[in-house]
Amino acid sequence: MNKRYVIGNWKMHGSLAMVDAFSRALAYAPSPDVVAAIAPPHPYLGACSDLPHGCGLAGQDCSAHDNGAHTGEVSASMLIEWGCGWVILGHSERRTDLAESDQLIAAKLATASSAGLIPVLCVGESLAVRDAGREETVVREQLRAVLSEQSPASLLVAYEPIWAIGTGVTASPEQANAMHAVIRDELTALTEDGASVPLLYGGSVNPDNARGLFDCPHVDGALVGGASLDATSFSKIVEAAQASLEK
Ligand code: PEP
């Protein structure tokens, strides 16, 4: 697969001042083969509409409903109106903090996709699951619970082991690559276009470890949390993605 994806998830961080500073400090040369995008908190999408170097926008979540009486929710079409091309769905923080079920995530995926957004579906195991040697089973189950033959052709999957998110403990390139091979195998069995779905790794990616991950044959990009808040770090990760394609 000759493309790389670097998507920054700002979570509930940032401010208008931070958006301004980020925009001025972004410093990577755009490449047609590397998709770079930021998922800021929804209120800052408008302020991020003009990021330089073709940096795109993603939503951090969207409603399973098209519109209606759903206080606090943001619809897929609203995200599109603010320039989003992607939406992160099933992030472990939402699965845990907001008890999002696989069923709800599947409904959001269908709604987002029919509105025209490309879902970035997050899966990943807890430390207890990995310690018990059940990580492969659990990740396969997460995929099966949300995806089917009817799943959209345009989809990204992010493998985000929970033990690596925000901890500074990154999965080794070998661990990430091995799980991505499992995900590819499951996607190929589950969906018609599973062989071509880009697979992103997420969990404490930074400018120092990004290249090692991008060089893995089954890793097509990264979902970046903490390191995406700093434009210089984010830019270096985008550059690492470019360099991995040029090797
Ligand atoms: C995330 O939450 O999607 C993430 C990958 O966070 P971090 O890079 O901070 O581990």
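The expected span of a helix is 1.5 Å times one less than its number of residues. Helices here are DSSP runs of H or I with at least four residues, strands are E runs of at least two, and both are numbered from the N terminus. With that, helix α7, residues 173-190, has 18 residues and reaches 25 Å from its first C-alpha to its last, close to the 26 Å expected.

A word on the source. This is a predicted model, in which local features need pLDDT of at least 70 and side-chain atom pairs count only at pLDDT 80 or more, while totals for chains, interfaces and linings use all residues. Residues are numbered from 1 along each chain as its sequence is written, and side-chain values use heavy atoms, with hydrogens and water left out.

Back to α7. Its buried residues (under 20% relative accessible area, 1.4 Å probe, protein chains only) include Met 179, His 180, Arg 184 and Glu 186. Among the elements that cover the buried residues of α7, by contact (heavy atoms within 4.5 Å), are β5, α6, β7 and α8.

Next, helix α9, residues 231-246. Its 16 residues should span 22 Å, and the end C-alpha atoms are 23 Å apart, which agrees. The cover over its buried residues includes β1, α1, β2, α8 and β8.

One residue of helix α9 is Gln 242. Is Gln 242 buried or exposed? Gln 242 counts as buried because its relative accessibility is 11%. Leaving aside residues up to four places away in sequence, Gln 242 touches Tyr 28, Ala 29, Pro 30, Ser 31 and Val 34.

Now the ligand. There are 14 residues around the ligand (a heavy atom within 4 Å), and those that come nearest are Lys 11, His 91, Glu 160, Gly 166 and Ser 204. For polar contacts (pairs of N or O atoms within 3.5 Å), an oxygen atom of the ligand lies 2.8 Å from an N or O atom in the His 91 side chain. A ligand oxygen is also 2.6 Å from a polar backbone atom of Gly 166, and one is 2.8 Å from a polar backbone atom of Gly 225. Taken alone the ligand exposes 290 Å², by the Shrake-Rupley method with a 1.4 Å probe, and the protein buries 96% of that.

Last, two backbone angles. His 53, in the loop between β2 and β3, is not a glycine but has a positive phi, near 60°. Ala 99 sits in the loop between α3 and α4 and has a positive phi of about 50°, although not a glycine either. At 61% relative accessibility, Ala 99 counts as exposed, the cut-off being over 50%.

Conventions: Polar contact = N/O pair within 3.5 Å; in protein donor to acceptor, adjacent residues only side chain to side chain.
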